Amino acid sequence: MSIARRDRVLPSPLLGGVYRARRPTGPVVGLLVVVACFVVGQAAAALVLLPVLGASPNALLGSGMSLRDQLALLLCFLGATGLLALWVWGKERRSFGSVGFFPASRIGAKLALGAAVAVALLSVPVGVNVLSGQFDAGAVHAAQVGGAFVALLGFVVQASTEEALTRGYLMQVTYRKWGLTAAIAFQAVVFAASHGVNHNVSVIALVNILLIGLLLGFWALAEGSLWGVCAFHVVWNWCQGNVYGIEVSGMDIRTTMLDIRGAPGSTPLLTGAGFGIEGSLFATVVLAIAAVAAALAFRRRLSAARSSAA
């Protein structure tokens, strides 16, 4: 059956990339590939990037990170991207773009939407914490604005790599063998589990990361590609760390435009404490609503696709 034929009956064009593979991978081996990319790929890149950028090995711990340390840590995800590319090219015999970057129509609009939604969703729990006195809004660091925008490059690499591995590759190979429901759930669980070793992680934090995985999984399926979710993930992380000055999944960033911290006597369940706003119950509410909205958007797209195929 041709790719074009398959794309007409698939729940989303995003899932069609796996059918371009001459030697496709199953979900169990696919999970091992994802783990190897994260662990081996980043470790190999760190051996090169840390000395080249002059970063401290302590940067890998994510504590008190200078701009140089932050860039070194985030750019290490290039190693994970490289390993994934080698796997899909060498073993599966398909293009890297097939993991979710084709079709490539209206890319600018998808990127803009992803960035805008990230700012809007993140600003709700941050704003509620500030207005309720849980957060103290400190000084504006005008001298660090340039460095903060340089740091954006690192988050482009890190977030896009995670999207390609989870919402792209892992969801595709899981769908091919186990179906749509398993594909959505599996990538979200793996995404949450990958944050389980982060500093100051909590149960609420893992629930919120799982919700982000579901939100972005449904979004990617509804869009049919990864452009929008990549933009969301990049801006979500960057605004937390380099704009608001809040920890990013336990990573303490020092190059920030603002300095928003938990107020004395604040409630960790509301602020997220050392994990950052992703560990906040306010974020849980926002992300749950957004995940449901994304699921409904995908459901409408799926219904429309089935109607047109009938």
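Me: How far apart do the centres of the positive and negative side chains lie in the protein chain?
Reply: This is a predicted model, where local features need pLDDT of at least 70 and side-chain atom pairs count only at pLDDT 80 or more, while totals for chains, interfaces and linings use all residues. Residues are numbered from 1 along each chain as its sequence is written, and side-chain values use heavy atoms, with hydrogens and water left out. Counting Lys and Arg as positive and Asp and Glu as negative, without His or the chain ends, and placing each charge at NZ of Lys, CZ of Arg, CG of Asp or CD of Glu, the chain has 21 positive and 11 negative side chains. The centres of those two sets are separated by 20 Å.

Me: How many helices and how many strands does the protein chain have?
Reply: Helices (H or I, at least four residues) and strands (E, at least two) are DSSP runs, numbered from the N terminus. Read from that end, the order is α-α-α-α-α-β-α-α-α-α-β-α-α. The tally is 11 helices and two strands.

Me: What radius of gyration does the protein chain have, set against the globule rule?
Reply: The radius is taken over C-alpha atoms, and the globule rule is 2.2 Å times the number of residues to the power 0.38. For 310 residues that rule gives 19 Å, and the chain comes out close to it, so it is as compact as a globular protein of that length. Along the principal axes, the C-alpha atoms fill a box of roughly 60 × 45 × 35 Å. The radius of gyration is 19 Å.

Me: What percentage of the residues in the protein chain is buried?
Reply: Buried means under 20% relative accessible area, exposed over 50%, and partly exposed in between (1.4 Å probe, protein chains only). The count runs over 310 residues. The buried share is 50%.

Me: Among contacts between residues at least 6 apart in sequence, what share joins residues at least 24 apart?
Reply: A contact here means heavy atoms within 4.5 Å. With pairs at least 6 apart as the pool, the share for those at least 24 apart is 77%.

Me: Which helix gives the largest share of the largest nonpolar core?
Reply: A nonpolar core is a set of buried Ala, Val, Leu, Ile, Met, Phe, Trp, Tyr and Cys residues joined through side-chain atoms within 4.5 Å. The largest one has 85 residues, and Phe 155, Leu 215, Phe 232, Trp 236 and Met 251 have the most contacts inside it. With 11 residues, the largest share comes from H6.

Me: Which residues does Leu 215 contact, leaving aside neighbours within four places in sequence?
Reply: Leu 215 is one of the residues with the most contacts inside the largest core. Its partners beyond those neighbours are Leu 121, Phe 232, Leu 287, Ala 290, Ala 291 and Ala 294.

Me: Why is helix H3 described as largely enclosed, and which helices are included in its cover?
Reply: H3 spans residues 67-75, and seven of its nine residues are buried, so the rest of the structure largely encloses it. The buried ones are Asp 69, Gln 70, Leu 71, Ala 72, Leu 73, Leu 74 and Leu 75. The cover over them includes H2 (27-53), H4 (77-91), H6 (145-178) and H9 (227-243).

Me: Is Leu 226 buried or exposed?
Reply: Leu 226 lies in the loop between H8 (203-223) and H9. Beyond neighbours within four places in sequence, Leu 226 contacts several residues, including Leu 14, Val 99, Phe 101, Glu 163 and Arg 167. The C-alpha atoms of Leu 226 and Lys 110 are 9.0 Å apart, with their positions 116 residues apart along the chain. At 0% relative accessibility, Leu 226 counts as buried.

Me: What is the phi of Ser 249?
Reply: Ser 249 is found in the loop between H9 and strand S2 (258-262). At 9% relative accessibility, Ser 249 counts as buried. Although Ser 249 is not a glycine, its phi is positive, at about 50°.

Me: Where does Arg 93 lie?
Reply: Arg 93 has a positive phi near 60° and is a residue other than glycine. Its relative accessible area is 42%, making Arg 93 partly exposed. Arg 93 lies in the loop between H4 and H5 (107-131).

Me: Which residues does Thr 284 touch, not counting those up to four places away in sequence?
Reply: Thr 284 is found in H11 (residues 281-309). Thr 284 is buried, with a relative accessible area of 17%. The residues touched are Ile 204, Asn 208 and Leu 211.
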